[in-house]
Amino acid sequence: MPPSHPFDDDKLKEECGVFGVIGLADAANFVALGLHALQHRGQEAGGIVSYAPESGFQSARRFGYVRDNFTKASLMETLPGSLAIGHVRYSTAGSKGQTAIRDVQPFFGEFAMGGAAIAHNGNITNAVALRRELIQHGSIFQSSSDSECIIHLMARSFQKTIPERMKDALRRVEGAFSVVAMTRTKLIGVRDPLGVRPLVLGRIGEGWVLSSETCALDIIGAEFVREIEPGEMVLISPEKGVESFQPFERRASRFCIFEHVYFSRPDSILGGRSVYETRRQIGIELAREAPVEADLVCPVPDSGTPAAIGYSHESSIPYGMGIIRNQYMGRTFIEPTEQIRNMGVRLKLNVNRALIAGKRIILVDDSVVRGTTSQKIREMILDAGAAEVHFRIASPPTAWPCFYGVDTPQRDKLLASRMSEDEMCEHLGVDSLKFISLDGLYRAVGEAGGRNDRCPQYCDACFSGDYPVAPSDMIQKGFQTKAAE
């Protein structure tokens, strides 16, 4: 499938997606379907590990989309068994953009008590320190991924079972992790104590499913049971069903608020709330906070659509598809010369001139990162004859990088880290520019009183600079947190 936003050079990249199944014949086929539904979380590569008593652990890792690899019968026949896990990847750690096949998850390790495979969504903020320590003690790393640290920490544990070794390992890890893992007999799911990244539990017949999002349960006809709680570990086996443990000290949840804004699919459920309805409510809040006289509200496809619908409803300004996206445009299909690269925007999006000409246009987008996307869209809209262009952004200014599993530009590349809202408006060359406030965003996700500054209900570090877990590796490299400024 195409990336979830056509401007993949100027959007925050999704983290990764994880999916696991136990208790179903040909479990790997169900995992492939689940990964297809999670493709928006990572389009770089994917992998599946399965287990069958007759053949043991089997794995397949491939670059590219799930549909191009894990739909071939010849490949899926090599992944037998009723237990399997999978992973779709966007490189948030390791060799970004230059991934080697050894970096593609799930990772596998053979221990004294048997093998285990692990798939990780998130980012380990002390991975550099852990890796240095592990190498000094004799560990040999096969990949550049931070996730491999978990396997090596498990190998060094003195615990008697793989789940206990995993608890040991994850207690050493800082940052964000939603983990789906498997042994020969169990499917395992774990979320970090803050619950930064999502993980849900589903049921299908006699089988059980773990997934990053509920939309992937729908594709295989599984029933959503519940979210895995922050700091919870579940062990799932055919004999005992779901067993729940709390291996970490309890802490207040800090789920990633950007999952509501952009990362998750609009047909998923997060925290009991429809992602689509939350994004529509963001548009409503934005219309209340930043009204403007105009003739048409247009989304920047596709991620701005629900917020634009909400803005239109609240403002009573008509909604229209002023920008049309080419749904069949993935990567540039001819040699990317400089001339073709300059045409890239128009290959992916086209302005609906008949609708735009002569009108005052409100463009609703999910975020502004570097600002290059917004400039190109403004040019297209004005070229089509728009009288005015007003940007309304369905998130607060993105002024800080994320270290919890999202590939964010360096801070000085983020437009909002260098400019005020008025300066950004002038830089982008639009008639007005307004972002939803942080309190407005919190109201849209169900926090009627807005943000609790003393104990924020979500992780909003990319907007506020308030990091719930100190990014220790980055601090050692010289990164200054807000408190240090």
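## Exercises on a predicted model

Ser417 sits in helix α14, residues 415-418. The model is predicted.

**Exercise 1.** Determine whether Ser417 is buried, partly exposed or exposed, and find its contacts.

*Solution.*
- Step 1. Take the relative accessible area of Ser417: 23%.
- Step 2. Apply the cut-offs: buried is under 20%, exposed is over 50%. Ser417 is therefore partly exposed.
- Step 3. Leave out residues up to four places away in sequence. Ser417 then touches Ala399, Arg411 and Asp412.
- Step 4. Look at the side chain of Ser417. It reaches the backbone oxygen of Arg411 at 2.5 Å.
- Step 5. Compare sequence with space. Val369 is 48 residues from Ser417, yet their C-alpha atoms are 9.7 Å apart.

**Exercise 2.** Place Cys16, which an unreviewed UniProt entry marks as "active site", in its surroundings.

*Solution.*
- Step 1. Find the element: Cys16 lies in strand β1, residues 16-22.
- Step 2. Check accessibility. The relative accessible area of Cys16 is 5%, so Cys16 is buried.
- Step 3. List contacts beyond four places in sequence. Among them are Arg41, His87, His120 and Ser212.

**Exercise 3.** Describe the sheet that holds β1, and what lies across β1.

*Solution.*
- Step 1. Write the strand order: β3-β2-β4-β1-β10-β9-β11, an open sheet of 7 strands with antiparallel pairing.
- Step 2. Name the edges: β3 (56-63) and β11 (223-227), each paired on one side only.
- Step 3. Add the twist, which averages 15° from one strand to the next.
- Step 4. Join β1 to β4 (residues 83-89): 7 bridges, antiparallel. Ile22 stands opposite Leu83 in β4.
- Step 5. Add helix α1 (residues 27-37). Helix α1 lies across β1, β2, β4 and β9, at about 25° to β4.

Terms used
Residues numbered from 1 in each chain as written. Predicted model: local features only at pLDDT ≥ 70, side-chain atom pairs only at ≥ 80, totals over all residues. Heavy atoms only, no water. Helix = DSSP H or I, 4+ residues; strand = E, 2+ residues; numbered from the N terminus. Buried < 20%, exposed > 50% of the residue type's maximum accessible area, 1.4 Å probe, protein only. Contact = heavy atoms within 4.5 Å. Polar contact = N/O pair within 3.5 Å; in protein donor to acceptor, adjacent residues only side chain to side chain. UniProt positions renumbered as here; feature names shortened; annotations may be inferred. Pairing = 2+ DSSP bridges. Axes fitted to C-alpha atoms, helices over the stretch in contact; angles between N-to-C directions.
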